[in-house]
Amino acid sequence: MCGIIARIGHGDAAETLLSGLENLEYRGYDSAGIAVQNGSGVKVHKCSGEVDDLKSSLESQPHGNMGIGHTRWSTHGPPTDANAHPHTDTAGDVAVVHNGVIDNYDELRAELQAKGHEFESDTDTEVIPHLIDEYRTETGDSEEAVRRAVETLEGSYAIAAIVDGEEAVYAARKGSPLVLGLDDEEWFLASDVPAFLDHTDEVIYLEDGDIVVLDPDSYRITDLEGTPLDRSTDTVDWDPEDAGKGEYDHYMLKEINNQPTSLSNTIEGRIDDGDVALEELPAGTFEDVETVQFVACGTSYHAAMYGANLLRSAGISTEVVRASEYTSMSGPVDEGTLVVAVTQSGETADTLEAVREATARGARSLAVTNVVGSTAAREADDAIYIRAGPEVGVAATKTFSSQAVTLALLTQRLAADVPTATPAEDRETMLEELKELPEHVERVLETTDAESLARDTVDSKSYFFIGNGLGHSVALEGALKFKEITYEHAEGFAAGELKHGPLALVTDETPVFAVATGSGDGKTKTNAIEAQTRGAPIVAVSPDDHPLTDVAEVHLSIPDTHPVWAGLLANVQLQLVSYHAADLLERPIDKPRNLAKSVTVE
Ligand code: BG6
C-alpha cells in the first residue's frame with residue numbers, strides 16, 4: 001500500500017505536499033516523490049528512500065500552486081529511483097501517482113509500447129500516464145481522457161494526475177481509499193486524513209467509481225459516465241496534535257503509553273449500570289444471528305481470536321478466519337451468519353474482500369474499526385468504532401487493546417441477543433473491573449522491568465511466547481510484535497503445543513515468555529517447566545501471586561484483575577519488551593522494513 005496526496009490552491013504546494021507525505025509514511029517508505037506544475041511544465045522530483053531523502057535531494061523548494069505526491073510500498077518493481085512515483089508519459093506532460101495494483105498492466109503496456117510509448121520503470125502504475133496521454137490525443141480533453149483511462153484498468157486504484165499547462169488535478173478511486181479535504185484557500189486529495197489534518201478537518205470520503213476534478217477555486221465529483229455526484233461532507237474528530245510524536249522518540253512508544261487514554265475513550269459511555277450500552281448496536285440488533293465468523297489480518301487477527309474465545313464461552317458458535325484465506329478456509333455461511341471484520345484501518349484489502357465474499361454468500365456484516373468513514377465501515381451493515389485515535393506506528397499496539405475491549409463488549413451484546421447464548425454470570429464484576437483497566441495499564445507503564453529484561457535477553461537466539469486460553473492470542477501477538485520490529489526469530493504457541501514439536505527449538509539461549517491471565521492457564525506452568533527442563537530461561541508475565549512465578553527466573557508483573565482484562569495487561573508488558581529490544585538493536589521501530597500500516601492490495 002502506498003500514500004498519495006494532491007494539493008491545489010493559492011500559494012506554493014511543495015511544502016504542504018512534503019509534510020503531507022511525512023504524515024502518510026506509515027503507508028510505505030520505499031521511495032517518495034512529488035510533481036508540481038508551475039506554468040513552465042510539470043517538474044518531477046523523486047528518489048528511493050524516505051521523504052527525508054527526497055527533501056535533502058531537492059536543490060531548492062519547487063514552485064507551483066498545485067502538485068501531487070507519493071510515498072511507496074513496493075508491489076511491482078524493487079524500491080529504485082526509476083520505480084518511484086510520480087510516473088509520466090513519454091513527453092513528461094502527464095504525471096500520475098497511484099495506490100493499488102493494476103492487474104492488466106502488462107497487456108496495456110505491450111499495446112502502448114506497440115504505439116511508440118517509452119517506459120522507464122518496472123511498475124504497473126506507469127501505464128496510467130501513458131493511457132491518459134493516449135486518450136488526450138484522441139479526445140483533446142484531459143477529464144475525458146482520465147475517465148477513459150481508468151475504464152481500461154483492472155484491479156484497484158486511487159490515482160491523482162496533473163497535466164502540463166492545466167491548472168487542475170484529476171483523480172479517481174476503485175478499491176483503494178481516497179478522501180477529499182476542503183479548505184478555504186486550498187483543496188486536498190489523499191489516501192488518508194492525516195495527510196492534511198493540520199490544514200482542514202472538513203472531508204468528503206470518495207466512493208468507488210468517483211472521478212474528481214479540482215481547480216484552484218472549486219471541485220467537481222462525477223461518476224464514470226460524467227454525471228455530477230453530490231457527496232456528503234464529514235468532520236474528522238481527530239486532533240492534528242494526535243498525529244505528532246510529542247515527547248516520545250517513536251510513535252510506537254507514544255502509542256503504548258497512550259493506552260490509558262485510548263482505553264478510556266473505548267470504554268466511555270459503554271457500561272451502564274452493570275450492563276453494556278453500545279449506541280451503535282442497541283439491544284436486539286443480533287437476535288437473528290446463529291453463528292459468528294471473524295475475518296482479520298495481523299494483529300487484528302489476534303484480537304479476533306481474543307473475541308472469539310469470549311464468544312465461545314458465551315455458547316455462540318464462532319470461527320476466526322485469516323482474511324487472506326477466507327475463500328478456501330471459511331465454513332458454511334448463510335443468513336444466520338454474522339461476519340465480523342476486525343480491522344483498525346478499515347482498509348486492509350484481504351479483510352474487505354473476505355467480507356464481500358461472505359455477504360455475497362448471504363452473511364450479515366459488522367465492521368469493528370478505528371477509522372470513521374473507512375471502506376470497511378461504509379460497506380458493512382453495521383459498524384462499531386474502537387475509538388483508539390490515530391495510530392501511526394506500523395506495528396499496532398493501542399489498537400489491539402481497544403479492539404479486544406470492544407470485542408469483549410460486543411460479546412455481551414451478542415450473548416444477550418442470540419437466543420442460544422448465555423451471558424457471563426460474572427458480567428457485572430467483569431464490567432466493574434473494566435473501568436479500572438486504564439489505571440492498571442498506567443501502573444504497568446510506571447512499574448515495568450521490560451527495559452532491563454530486554455537488555456538481559458537481547459543476544460538470545462530465538463524468543464518464544466506461550467499461553468493458554470486468552471493467553472494464547474496474547475502469546476501470538478507478543479511474538480508478532482517482537483518479529484515486526486526487532487527482525488529476530490520469535491514464535492508464539494498454545495502452551496500445550498510446545499511439547500508436540502517446537503520444544504526441539506528450545507535451548508538455554510531461547511527465553512520463553514509464559515503469559516498467565518488466571519483463566520485456563522493451569523497447564524501453562526507445567527508447559528513452562530517442560531521448557532525450563534530443556535534449559536530455557538522462563539519469564540512469567542502474570543499477577544504477583546500466580547503459581548507461574550514460583551518457577552520463573554524473571555517476572556513481569558501485572559495487577560490483579562478479571563482474567564478477561566489480565567491478558568491485555570500482559571500484552572502491554574510484551575509490547576514494551578519488544579520496543580526496548582528493537583531500540584537496543586537500533587531498528588527503525590516506526591517503519592520496520594518491508595511492512596506498511598495496512599495493506600490495501602491483496
Ligand atoms: C499490517 C500491519 O499491514 O496489517 C499490522 O502491519 C496490522 O500492524 C495488519 O495488524 C492488519 O491491519 P488492519 O488495519 O486491518 O487492522
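This section describes the ligand site, the largest pocket and two backbone features of a predicted model.

The ligand is surrounded by 15 residues, of which Ser300, Thr343, Gln344, Ser345 and Thr348 come nearest. By class, the shell around the ligand consists of five nonpolar, eight polar and two charged residues. Helix H8, which spans residues 298–313, gives the most to this shell, with three residues.

Oxygen atoms of the ligand are placed within 3.5 Å of polar protein atoms, the cut-off for a polar contact, at several positions. For Thr348, the partner is an N or O atom in the side chain, at 2.6 Å from a ligand oxygen. For Gln344, the partner is instead a polar atom of the backbone, and the distance to an oxygen atom of the ligand is 2.8 Å. A polar backbone atom also serves as the partner in Ala596, where the separation from a ligand oxygen is 2.9 Å. The ligand taken alone exposes 390 Å², and 92% of that area is buried by the protein.

The space that the ligand takes is the largest pocket of the model. This pocket has a volume of about 530 Å³. Its lining comprises 29 residues, and those closest to the centre are Cys297, Gly298, Thr299, Ala596 and Lys597. Ala596 thus appears both among the residues closest to the pocket centre and as a backbone partner of a ligand oxygen. Sorted by class, the lining holds 13 nonpolar, 11 polar and five charged residues. At least two lining residues are supplied by each of four elements, namely H8, strand S19 (337–343), helix H10 (349–360) and helix H16 (470–486). H8 therefore contributes to the pocket lining as well as to the shell around the ligand, with elements taken as DSSP runs.

Two backbone features were noted in loops. Most residues other than glycine have a negative phi, and most peptide bonds are trans. The peptide bond from His85 to Pro86, however, is cis, with omega near 5 degrees. Pro86 belongs to the loop that joins strand S4 (66–71) and strand S5 (87–88). The second feature concerns Asp273, a residue other than glycine with a positive phi, near 55 degrees. Asp273 is located in the loop between strand S15 (271–272) and strand S16 (275–276).

Terms used:
Residues are numbered from 1 along each chain as its sequence is written. This is a predicted model: local features need pLDDT of at least 70, side-chain atom pairs count only at pLDDT 80 or more; totals for chains, interfaces and linings use all residues. Side-chain values use heavy atoms; hydrogens and water are left out. A residue is near a molecule or strand if one of its heavy atoms lies within 4 Å of it. A polar contact is a pair of N or O atoms within 3.5 Å; within protein, one must be able to donate a hydrogen and the other to accept it, and residues adjacent in sequence count only if both atoms are side-chain atoms. Accessible areas come from the Shrake-Rupley method with a 1.4 Å probe; for residues, only the protein chains shown count as cover. On a 1 Å grid over the protein atoms alone, a cavity is a set of points where a 1.4 Å probe fits but cannot get out, and a pocket is an open set with protein on both sides within 12 Å along at least five of seven lines; lining residues have an atom within 4 Å of a point. A molecule sits in a cavity or pocket if more than half of its atoms lie within 2 Å of its grid points. Ala, Val, Leu, Ile, Met, Phe, Trp, Tyr, Cys and Pro count as nonpolar, Asp, Glu, Lys and Arg as charged, and the others, Gly among them, as polar. Grid points are joined across faces, edges and corners, and a volume is the space filled by probe spheres set on the points.
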